[in-house]
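Thanks for coming. I have one structure to go through today, and I will keep to what can be read from the coordinates. Please have a look at it first.

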Amino acid sequence: VYSAHYDHVGVGQPDAEGDTIYNGTRDNGIGSITVLEAAHNIAKYPLERTALFIFFTGEEKGLLGSKWFVEHPVVPLESIVMCFNSDNAGYNDTSITTIIGLERTTATEAFITAGETYGLGTIADQMPEQNLFDRSDQVNFAAKGIPAVMYTMGTTAFDDEILKYYHQAGDNPDSVDYDYLFKFTKAYVHACRMVGNMPERPYWTEGDKYYDAGEELYKTQ
């Protein structure tokens, strides 16, 4: 499963320029575009595994779309080997991608290699106090036992550069670095391909919080 949420927070308090429309370029227009690009690529060049592309709504209201999906799946949950979710708050380092949950599955090397291919480093979550893994749609898959990670732009801290745009009216298309986003999107598509073609199915790292749920889900596999 390759996923992103396409909703944002709608209309809010006006900023200094009087803008009340929260367009959500970073969160999560960019995430949605990465998944669309993956779909475009994989449709042309199919993977060894079946690819399912899902765009959720209601994420900002409490991960509602992904919660509904895992309770009403269109394919058996045990047939889903991973959820590779693309979601963002912003970025403060254009030399890297950040994978929330990077070391929690056996797909770590695929994510690192995909970034390197386009000149980007790959780091794990540097902000455990933000509890980011549990704040986006991948957590509903993880709770069912499905290995899951979140792909996000280069973020080393929830600092002023992030908060300047996170859930703000100023998160607009003219405020982002498109040279970086080109590499970022290419790296996501490449990672999608690598995970979809892995000889062995990705799985939780032993001892992970969701390892036992995975054992229960896939016990007949």
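Let me start with a question: is Asn-131 buried, partly exposed or exposed? This is a predicted model, so the answer is a computed one. Asn-131 has 40% relative accessibility, and therefore counts as partly exposed. You will find Asn-131 in the loop between β7 and α4, the latter being residues 138-143. I picked Asn-131 for its backbone: phi is positive, about 55°, although the residue is not a glycine.

Leu-63 also belongs on the list of backbone points. Its phi is near 60°, again a positive value in a residue other than glycine. Leu-63 sits in the loop that runs between β4 (53-56) and α2 (64-71). The relative accessibility of Leu-63 is 10%, so Leu-63 counts as buried.

There is a glycine to mention too. Gly-119, just after α3, takes a positive phi of about 75°.

The last backbone point is a peptide bond. Asp-27 and Asn-28 are joined in cis, with omega about 10°. Asn-28 lies in helix α1, so anyone going through that helix by eye should expect to meet the cis bond there.Next, the helix packing, beginning with α1 and α6. Helix α1 covers residues 25-44, and its axis comes within 9 Å of the α6 axis, crossing at roughly 50°. The two helices are therefore oblique to each other. The crossing of α1 past α6 is right-handed. On the α1 side the contact is made by Ile-30, Thr-34, Val-35, Glu-37, Ala-38, Asn-41 and Ile-42. On the α6 side the residues are Leu-181, Phe-184, Thr-185, Tyr-188, Val-189, Cys-192 and Arg-193. By class, this contact has nine nonpolar, three polar and two charged residues. As a general reminder, an α-helix has 3.6 residues a turn, so residues three or four places apart point the same way.

Now α3 against α6. Helix α3 is residues 108-117 and helix α6 is residues 178-196. Their axes come within 8 Å and cross at roughly 140°. This crossing is right-handed. From α3, the contact uses Ala-110, Phe-111, Thr-113, Ala-114, Gly-115 and Thr-117. From α6, it uses Ala-187, His-190, Ala-191, Met-194 and Val-195. What is the make-up of the contact of α3 with α6 by class? Seven residues are nonpolar, four are polar and none is charged.

Staying with α3, which of its residues are buried? They are Thr-108, Ala-110, Phe-111, Ala-114 and Gly-115. The cover over the buried residues of α3 includes α6, along with β5, β6, β7 (121-124) and β8 (148-153).

That brings me to the aromatics. How many aromatic pairs does the structure hold? The count is 16. One of them is Tyr-91 with Tyr-180, a tilted pair at 5.4 Å centre to centre and 50° between the planes. This pair links distant parts of the chain, 89 residues apart. Tyr-91 is in the loop between β5 (83-86) and β6 (96-100), while Tyr-180 is in helix α6. Both rings belong to buried residues: Tyr-91 has a relative accessible area of 10%, and Tyr-180 has 1%.

Tyr-91 and Tyr-180 are also part of a cluster linked by ring pairs. The other members are Phe-84, Phe-111, Tyr-151, Phe-184 and Tyr-188. Phe-111 has come up already, as one of the α3 residues in contact with α6. Phe-184 and Tyr-188 were named among the α6 residues in contact with α1.

Two single residues to finish. His-8 is in the loop between β1 (2-5) and β2 (10-11). With a relative accessible area of 16%, His-8 is buried. What does His-8 touch, leaving out residues up to four places away in sequence? The list is Tyr-22, Asn-23, Gly-24, Asp-27, Glu-60 and His-167. Asp-27 in that list is also one partner in the cis peptide bond. For a sense of distance, His-8 and Thr-155 are 147 residues apart in sequence and 20 Å apart in space, C-alpha to C-alpha.

The other residue is Asp-159, which lies in the loop between β8 and α5 (160-163). Asp-159 counts as partly exposed, at 28% relative accessibility. From Asp-159 to Val-176 there are 17 residues in sequence and 17 Å in space, C-alpha to C-alpha.

That is what I have. I will take questions now.

Key
Residues numbered from 1 in each chain as written. Predicted model: local features only at pLDDT ≥ 70, side-chain atom pairs only at ≥ 80, totals over all residues. Heavy atoms only, no water. Axes fitted to C-alpha atoms, helices over the stretch in contact; angles between N-to-C directions. Helix = DSSP H or I, 4+ residues; strand = E, 2+ residues; numbered from the N terminus. Left-handed = near helix turned anticlockwise from the far one by under 90°. Contact = heavy atoms within 4.5 Å. Nonpolar A, V, L, I, M, F, W, Y, C, P; charged D, E, K, R; others polar. Parallel < 35°, antiparallel > 145°, perpendicular 65-115°, else oblique. Phe/Tyr/Trp six-rings, centres within 6.5 Å; stacked < 30°, edge-to-face > 60°. Buried < 20%, exposed > 50% of the residue type's maximum accessible area, 1.4 Å probe, protein only.
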